[in-house]
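Reader: I would like to go through some of the terms used for this model. Please take them one at a time.

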Amino acid sequence: MSVQAASQTIVEDNVDGMARAVNRMVGGIVSYARWPDGSATTSRLMCLVGSPRLTERMAPDVPGTGSVVVRRVSADAAMLRTDCDILFLGRMPVADRRQLIAWVRGRPILTITDDDAACIYGAMFCLQNRPASVSFSVNLDAIGRGPLRIDPRVLRIGGGAS
């Protein structure tokens with residue numbers, strides 16, 4: 001497995017700081033993904049499974065004209081849907097996580113988690129809480145197995161954020 005650490009974004013020292021930092025980071029990651037339909041400005045659906053560790057207020061802030069609609073769904077419901085463009089995996093049983101990651105392989109679905117800092121369970125992007133910042137790792141093997149294209153500049157998305 002090839003995992004590469006990437007940049008980070010600063011967490012503002014207030015009640016909403018973590019939510020803003022996570023949503024800015026997730027939005028940035030989404031902005032560097034290209035789905036087979038080719039459109040970068042399309043509204044994307046993020047299926048949120050489990051309980052996010054970093055913030056319960058998921059509302060990705062996508063730069064430019066793209067947007068993300070968030071729907072909370074169960075692991076079973078996620079696998080029945082055909083409209084999830086992004087799968088955000090929070091805390092959940094390991095068996096559910098493995099089943100979802102196996103189901104996603106070969107599908108044009110971006111996977112992000114905040115419950116696997118080492119990025120060992122197969123998500124493409126893994127958020128982690130660090131002192132005064134949020135950072136992420138990239139699982140290059142997971143990205144390489146699917147039809148999504150991720151711009152290599154994604155490794156810099158958090159560097160200039162404040």
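Author: Exposed means over 50% relative accessible area, and buried means under 20%. The model is a predicted one. In it, Ala-95 and Arg-98 of helix α3 are exposed.

Reader: Which residues of α3 are called buried?

Author: Arg-97, Leu-100, Ile-101, Trp-103 and Val-104 are buried in α3, which runs over residues 94–104.

Reader: What makes them lie on the same side of α3?

Author: The directions from the helix axis to their C-beta atoms are what the arc is taken from. These buried residues cover an arc of only 160° around the axis, which puts them on the same side of α3. Ala-95 and Arg-98 are on the other side. As background, an α-helix has 3.6 residues a turn, so residues three or four places apart point the same way.

Reader: What covers the buried residues of α3?

Author: The cover includes β3, α2, β5 and β6. Just after α3 comes Gly-106, with a positive phi of about 85°.

Reader: Why is Thr-111 called buried?

Author: The cut-off for buried is under 20%. Thr-111 has a relative accessible area of 1%, so Thr-111 is buried. Its place is in strand β6, residues 110–113.

Reader: What makes the approach of Thr-111 to Met-124 a polar contact?

Author: A polar contact needs N or O atoms within 3.5 Å, one able to donate a hydrogen and the other to accept it. The side chain of Thr-111 reaches the backbone nitrogen of Met-124 at 2.8 Å. Leaving aside neighbours within four places in sequence, Thr-111 is in contact with residues including Leu-87, Ile-101 and Val-104.

Reader: How do you know that Cys-47 and Cys-84 form a disulfide?

Author: The two sulfur atoms must be within 2.5 Å. For Cys-47 and Cys-84 the S to S value is 1.9 Å, and a disulfide joins them. Cys-47 lies in strand β3 and Cys-84 in the loop between α2 and β5, so the pair ties together parts that are 37 residues apart in sequence. Both cysteines, Cys-47 and Cys-84, are buried.

Reader: How many disulfides does the rule give?

Author: The count is 2 disulfides. Cys-119 is joined to Cys-126, with S to S at 2.0 Å. Cys-119 has a relative accessible area of 0% and is therefore buried. Cys-126 also counts as buried, at 0%.

Reader: Which link is left-handed, and which is right-handed?

Author: The link of Cys-47 and Cys-84 is left-handed, with -75° about the S-S bond. The link of Cys-119 and Cys-126 is right-handed, with 80°.

Terms used:
Residues are numbered from 1 along each chain as its sequence is written. This is a predicted model: local features need pLDDT of at least 70, side-chain atom pairs count only at pLDDT 80 or more; totals for chains, interfaces and linings use all residues. Side-chain values use heavy atoms; hydrogens and water are left out. Helices (H or I, at least four residues) and strands (E, at least two) are DSSP runs, numbered from the N terminus. Buried means under 20% relative accessible area, exposed over 50%, partly exposed in between (1.4 Å probe, protein chains only). Contact means heavy atoms within 4.5 Å.
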